[in-house]
Amino acid sequence: MVNYSKVYAATPSSPISLVGKTGQAVQISIHAPSQYICANRDRILPDWQKQPLFWVVIVLQRSRYPLVKITPQTETEKEHLRANFMRFGCDLAFNLQDRGYLADLIDPRTGYPLFSRPGEIPHNDTAVVKALLNYPVLKNKCRLLVHPTWGTSVYPSIFISTAPPIILELVIKSVALMHGWQEVKEEQ
């Protein structure tokens, strides 16, 4: 077993709570990578193995339906949410790359990065959310997250970047507005 030193001093960010034009809720938070990603970086993200510091952005979209059963309705909803994330993630990545930061998004369908060379094993979005947010997971045909408020009506996605959290938050909020996602203040 290899022991990796902890180089990430930041604590998870407060979630950025957003709502889309149709009332769809989105939560975004910024985290240091999980131990699993750090230990398996060369197998998951080979192009990132020389990066001493990078951040994981968790994007959770609320689904209109619980995603427990595979139905034509839930499959269509998952494709819609994936497309939302892919558009948002690409705009976020290009914006950060234009600022000189390495940035990529993980395709929720395949588990592989969109812009970087894929590794020998796919990234597991659900496992990362469980590790970083401690949300429960149901084992079904695929593993499902259980959001504390939304239940199984949640679609997780992952974005990674070398940009510091303060820059990430600024750019995330700017790109979110371009996609019609307005920030809302959560009641404490």
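Let's start at Ile-28, a residue of this predicted model that touches Ser-14, Pro-15, Ile-16, Leu-18, Val-57, Ile-58, Val-59, Phe-88, Ile-172 and Trp-181, leaving out residues up to four places away in sequence. Two of these partners come up again when we turn to the largest nonpolar core: Ile-28, Phe-88 and Ile-172 are the residues with the most contacts inside it. This core has 26 residues. Several elements build it, with at least two residues each from β1 (16–19), β2 (25–31), β3 (55–62), α3 (72–98), β4 (103–106) and α5 (165–178). Helix α3 supplies the largest share, seven residues. A second core, separate from this one, has 21 residues, and among them are Ile-44, Trp-48, Leu-132 and Ile-160. As background, nonpolar side chains in soluble globular proteins tend to be buried together.

Now follow strand β3, where you will find Val-56. Is this residue buried or exposed? Val-56 has a relative accessible area of 0%, so it counts as buried. Setting aside neighbours within four places in sequence, Val-56 is in contact with Ser-29, Ile-30, His-31, Pro-33, Ile-37, Val-128, Leu-132, Ile-158, Phe-159 and Ile-160. Two names on that list, Leu-132 and Ile-160, belong to the second core. For a sense of distance, pick Val-56 and Glu-77 in the viewer: they are 21 residues apart in sequence, and their C-alpha atoms are 24 Å apart in space.

Leu-132 also takes us to helix α4, which runs over residues 125–133. Which residues of this helix are buried? They are Asp-125, Thr-126, Val-128, Val-129 and Leu-132. If you look down the axis of α4, these buried residues fall within an arc of 160°, so they line one face of the helix. Both ends of the helix are worth a look. At the N-terminal end, Asn-124 acts as a cap, with a side-chain oxygen 3.1 Å from the backbone nitrogen of Thr-126. Just after the helix, Asn-134 takes a positive phi of about 60°.

Thr-126 leads on to the largest pocket, since this residue is one of those closest to the pocket's centre. The others closest to the centre are Pro-108, Cys-142, Arg-143 and Tyr-155, out of 21 lining residues. The pocket holds about 470 Å³ of space. Two or more lining residues come from each of α3, α4, β6 (143–145) and β7 (154–161). Which element gives the most to this lining? That is α3, with four residues.

Helix α3 has now appeared in both the largest core and the pocket lining, and two of its polar residues make a good last stop. Lys-78 sits in α3, and its side chain is joined to that of Glu-75 by a polar contact of 2.8 Å. Beyond the residues up to four places away in sequence, Lys-78 touches Leu-67 and Tyr-155; you met Tyr-155 a moment ago in the pocket lining. Gln-73 is found in α3 too. With a relative accessible area of 45%, Gln-73 is partly exposed. Its side chain makes a polar contact of 3.3 Å with the side chain of Tyr-65. Gln-73 and Val-154 are 81 residues apart in sequence, while their C-alpha atoms are 15 Å apart in space.

Key. Residues numbered from 1 in each chain as written. Predicted model: local features only at pLDDT ≥ 70, side-chain atom pairs only at ≥ 80, totals over all residues. Heavy atoms only, no water. Core = buried A, V, L, I, M, F, W, Y, C linked by side-chain atoms within 4.5 Å. Buried < 20%, exposed > 50% of the residue type's maximum accessible area, 1.4 Å probe, protein only. Contact = heavy atoms within 4.5 Å. Arc of directions from axis to C-beta. Polar contact = N/O pair within 3.5 Å; in protein donor to acceptor, adjacent residues only side chain to side chain. 1 Å grid on protein atoms, 1.4 Å probe; cavity = no way out; pocket = protein on both sides within 12 Å on 5 of 7 lines; lining within 4 Å. Points joined across faces, edges and corners; volume = space filled by probe spheres on them.
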